[in-house]
Amino acid sequence: MSLQDFQEVRFPLAIAFGAVGGPERRTQIVELASGGEQRNGVWAGSRRRFDVGGAIQTLDELHDVIAFFEARRGALHGFRFRDFTDDRSCSPDQEPTAFDQTIGNGDGTQTEFPLTKTYGGVVRRILKPVPGTILVGLDGNYFSTGWAVDTALGVVQFDVPPEAGVSVTAGFEFDCPVRFASDRIEASLEGVSTGRIAKVELIELVDPLR
């Protein structure tokens, strides 16, 4: 997947809370001579974009963003971003449980199950679960042991493969893997203790296999 040079650090939460953005898709639309149209989905899944520029209110926050940008070498290194509108396996006003998302079914041999979240039948790979928040269930029973999670790739790894037909479920909080969309930041000083960056866009790093 396109997570080369990814750094397991999180964008400042206080600024992320005021971000604007969400998922986007790419649809090719061809208008026909009859007035109708043909629509084709170019991307298999969505890709998220965020703008955190408007969330910067103080000179300290401006400094923090510039420092974070420099440490990531601009767009070179990816990082974690908390999308507060969609950051867990359940709805935003609930706490995750071990039964929120079905991530697979046992076959007696498979030991690794990638974390996913389903939106009305559309499945999204969850690549960056938050360490310490993952819960796992098997056939409706909560299991606290016998498994581990690769939090850099979002994969549950069982010590013993679940038996054939066993439903594997999970609950978790997660970050969105992103990078800066540009290698440039334009900042201005608006007052003694206030600063402004007109636009700081972040773009999701997605799994190219989807």
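A residue is called buried when its relative accessible area is under 20%, exposed when that area is over 50%, and partly exposed in between, with a 1.4 Å probe and the protein chains only. The structure on your screen is a predicted model, in which local features need pLDDT of at least 70 and side-chain atom pairs count only at pLDDT 80 or more, while totals for chains, interfaces and linings use all residues. Residues are numbered from 1 along each chain as its sequence is written, and side-chain values use heavy atoms, with hydrogens and water left out.

Begin by selecting Asp175, which is buried, with a relative accessible area of 3%. Now add Arg10, whose side chain meets that of Asp175 in a salt bridge (3.1 Å, N to O); the term salt bridge stands for a side-chain nitrogen of Lys or Arg within 4 Å of a carboxyl oxygen of Asp or Glu. Arg10 belongs to strand β1 and Asp175 to strand β17, so this pair ties together parts of the chain that are 165 residues apart in sequence; helices (H or I, at least four residues) and strands (E, at least two) are DSSP runs, numbered from the N terminus. Unlike the buried Asp175, Arg10 counts as partly exposed, at 29% relative accessibility.

Next, select Arg80, which forms a salt bridge with Asp175, the closest N and O atoms being 3.0 Å apart. Because Asp175 lies in strand β17 and Arg80 in strand β6, this pair ties together parts that are 95 residues apart in sequence. Arg80 also forms a salt bridge with Glu8, where the closest N and O atoms are 2.8 Å apart, and here the link runs from strand β6 to strand β1 (residues 6-10), across 72 residues. Is each of these two partners buried or partly exposed? Arg80 counts as buried at 5% relative accessibility, whereas Glu8 is partly exposed, with a relative accessible area of 43%. To see the wider picture, show Glu8, Arg10, Arg80, Lys128 and Asp175 together, since they are linked in a network of salt bridges. A search of the whole structure finds 16 salt bridges.

Turn now to the nonpolar interior. A nonpolar core is a set of buried Ala, Val, Leu, Ile, Met, Phe, Trp, Tyr and Cys residues joined through side-chain atoms within 4.5 Å. Select Phe11, Phe81, Phe180 and Leu202, which have the most contacts inside the largest nonpolar core, a set of 19 residues. Helix α1, α2 (59-71), β6 (78-81) and β17 (174-180) each supply at least two residues of this core, and α2 gives the most, with four residues. Apart from it lies another core, of 15 residues, among them Ile103, Ile134, Val136 and Trp147.

Leu202 deserves a view of its own: beyond residues up to four places away in sequence, the residues that Leu202 touches include Arg48, Phe50, Phe81, Val178 and Phe180, where contact means heavy atoms within 4.5 Å.

For the next stop, select Thr116 in strand β9 (residues 116-119). Thr116 counts as buried, at 10% relative accessibility, and the residues it touches, not counting those up to four places away in sequence, include Gln101, Ile103, Arg125 and Phe172.

Finish at Leu13, which lies in helix α1 (residues 13-16) and is partly exposed, with a relative accessible area of 36%.
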